[in-house]
Amino acid sequence: MSATSEIFLDKSTIKATDLEHRRKINFNIGRYNAAVPKGKEQFSDVHLARERAKNIKWRAIETLDQQLEEFEKVFTQRGGKVVWAENAEEAIAEIVKICEAKNCKTLVKSKSMVTEEIHLNKAMEEHGIESIETDLGEYIQQLDGEAPYHIVTPAMHKSKEDVANLFARKLGTDPALTPTELTLVARNILRKKYVQAEVGVTGANFIISDIGGVAVTENEGNARLSCAFPKTHIVVVGIEKMIPSITDLALFWPLLSTFGTGQKITCYNSIISGPRQPGETDGPEEMIVILLDNGRTKILDNPVQRESLYCIRCGACLNACPIYNNIGGHAYGATYSGPIGSVITPNLQGMEDFKHLSFASSLCGNCTEVCAVKINLHELLLDNRKASVDEGLTGFTERTAWKLWKLASLNRKMMNLGSGAFKNKMVNGIFTDWKKNRADLHFSQKTFNQMWKERFK
Ligand code: SF4
């Protein structure tokens, strides 16, 4: 068993029995579940909308090389710069180079999972640069020294009392502050940072190839401030975020907000297509888009797993997943949690270390049912399991057990050997690990042959 797998088992075992954790998650996901059906009412046919979105993403991913080159051509024509980063190290090296050239001491950052993936904050800290999260949920997590818990709502596992106590501990505020007052505290701190920061970093929800722009969706206006105040704006984005045309946003924006939070449309939707142009009054002097691969072309190379690149990170599959609901986001030990995390993490970060995530699923298919772009998530989980077996990553005991099972299952005489009581004793005595969290297996007292004969005599 890999070290990551052991940590996963330990953390998930603790969380699964933490009733207070479950209460908070159920409360927050309950609110989400109440809001989403209302958001869906805006679509005359939500299934058709999802199908269309899937088709658009299919086209974008099947022609990704051309779409990326088109984006680069148009974006650079407006004075932007594009950097191709093969991995996290290259992306970080580029950001550090830019920050050093700008003599950057403070960097403001809007919520972005891809910057979590490359561990940007840690890298900035190592280079003596203050990197401040400006999304309220991310700011709370940063203050607490924790990674985001959920790809859309980073502090979903915290109650308002938890946040008030955290602010009291870290910022010296009154622990009785209300959510509105806590928001004002954060806002006062962050507003100063936007003005100080030499560099702003954002992610992007979509890369738009025909206009050479990026689309950023948010509810707090912090991404707009992060890219408009500092003189330099860096966008870090995974190459799979591509959509072919600006007109596709008419579908993707409402789809992302409905499946992400239940809103009809998110509060702030920005399209940024380059640095400040002559005659314009605001915007950064320089804009750099870092197109990150970091394992995505490996997924692209796999005709089955390629579908996972359609993901628009709405988070719906996390909210619908019984495993995520029980063990929470941190137990996964990966940037992307929930069903989509369990599909892509083994392919992005290595099957050997993360194959266990694809096994941590009941395969109920609820994730596939709710996915905004109809990704066959549960089948991709199965495909990962198969890949891990094909790669020989299963242990000796497991391999031997399945060989014996196959041998016995294909041999009627062996199946009929022994009474039900004998089988109960043998199997429940052997599979002690399986039984740790499960009741005993109970075999039928009669064999299938006996029952068949009795029925048709
Ligand atoms: S896999 Fe589907 S449901 Fe899950 S985050 Fe991505 S788009 Fe949303």
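# Reading a predicted model: loops, sheet, core and cavity

Reader: Let's start with one residue. Where is the place of I211?

Author: I211 sits in the loop that links strand 5 (206-208) to strand 6 (213-218). Keep in mind that this is a predicted model.

Reader: Is I211 buried, partly exposed or exposed?

Author: The trick is to compare a percentage with two cut-offs: under 20% relative accessible area is buried, over 50% is exposed, and anything in between is partly exposed. I211 has a relative accessible area of 25%, so it counts as partly exposed.

Reader: Which residues is I211 in contact with, leaving aside its neighbours within four places in sequence?

Author: Its list is V74, I246, I271 and S273. Take I246: 35 residues separate it from I211 in sequence, yet the two C-alpha atoms are 6.8 Å apart in space.

Reader: S273 is on that list. Where is its place, then?

Author: S273 belongs to the loop between strand 9 (268-272) and strand 10. With a relative accessible area of 18%, S273 is buried, because that falls under the 20% cut-off. Beyond its sequence neighbours within four places, S273 is in contact with F75, R78, I211, G212 and G213.

Reader: Okay, on to the sheet. In what order do the six strands come?

Author: Read across the sheet rather than along the chain. The order is 1-10-7-4-2-3, the sheet is open, and the pairing is parallel. Strand 1 and strand 3 (130-133) are at the edges with a single partner strand each, so one side of each has no neighbour in the sheet. On average, neighbouring strands are turned by 20 degrees against each other, direction ignored.

Reader: How many bridges are there between strand 1 and strand 10?

Author: Five, in the parallel sense, with strand 1 covering residues 81-85. For one bridge you can find by eye, look at V82, whose partner in strand 10 is V289. Strand 10 also pairs with strand 7 (residues 232-238), again in the parallel sense, over seven bridges. There, V236 has I290 as its bridge partner.

Reader: And how many bridges join strand 4 to strand 7?

Author: Four, and those two strands run parallel, with strand 4 spanning residues 199-202. V201 is the residue opposite I234 of strand 7.

Reader: How many of the seven residues of strand 10 are buried?

Author: Six, which leaves strand 10 (residues 286-292) mostly covered. As a general guide to reading strands, the side chains of a regular strand alternate between the two faces of the sheet. For a helix packed on this sheet, check helix 5 (residues 88-101). Helix 5 lies across strands 1, 2 (106-109), 4, 7 and 10, and runs at about 170 degrees to strand 10.

Reader: What about the core? Which residues have the most contacts inside the largest one?

Author: The general idea is that nonpolar side chains tend to be buried together in soluble globular proteins. Here, the largest nonpolar core has 83 residues, and I95, I118, F206 and I234 have the most contacts inside it. Sequence neighbours within four places aside, I234 is in contact with I95, I98, V199, G200, V201, T202, I288 and I290. Apart from that core lies another of 20 residues, including L68, F75, I207 and M287.

Reader: How many cavities of 30 Å³ or more does a search of the whole structure find?

Author: Three. The largest cavity holds about 120 Å³ of space. Its lining has 18 residues, and C321, P339, S361, C367 and L381 are the closest to its centre. Helix 14 (316-320), helix 15 (322-327), helix 16 (338-349) and helix 19 (377-390) each supply at least two lining residues. Helix 16 has the largest share, with three residues.

Reader: One last thing, backbone angles. What is phi of N294?

Author: Check the sign, then check whether the residue is glycine. Phi of N294 is near 50 degrees, which is positive in a residue other than glycine. N294 lies in the loop between strand 10 and helix 13 (296-300), and at 18% relative accessibility it counts as buried.

Reader: And what about phi of R313?

Author: Phi of R313 is near 55 degrees, again a positive value in a residue other than glycine. R313 is in the loop between helix 13 and helix 14, and its relative accessible area of 12% makes it buried.

How values were computed:
Residues are numbered from 1 along each chain as its sequence is written. This is a predicted model: local features need pLDDT of at least 70, side-chain atom pairs count only at pLDDT 80 or more; totals for chains, interfaces and linings use all residues. Side-chain values use heavy atoms; hydrogens and water are left out. Buried means under 20% relative accessible area, exposed over 50%, partly exposed in between (1.4 Å probe, protein chains only). Two strands pair if DSSP finds at least two bridges between them. Axes are lines fitted to C-alpha atoms, for helices over the stretch in contact, and angles run from 0 to 180 degrees between N-to-C directions. Contact means heavy atoms within 4.5 Å. A nonpolar core is a set of buried Ala, Val, Leu, Ile, Met, Phe, Trp, Tyr and Cys residues joined through side-chain atoms within 4.5 Å. On a 1 Å grid over the protein atoms alone, a cavity is a set of points where a 1.4 Å probe fits but cannot get out, and a pocket is an open set with protein on both sides within 12 Å along at least five of seven lines; lining residues have an atom within 4 Å of a point. Grid points are joined across faces, edges and corners, and a volume is the space filled by probe spheres set on the points.
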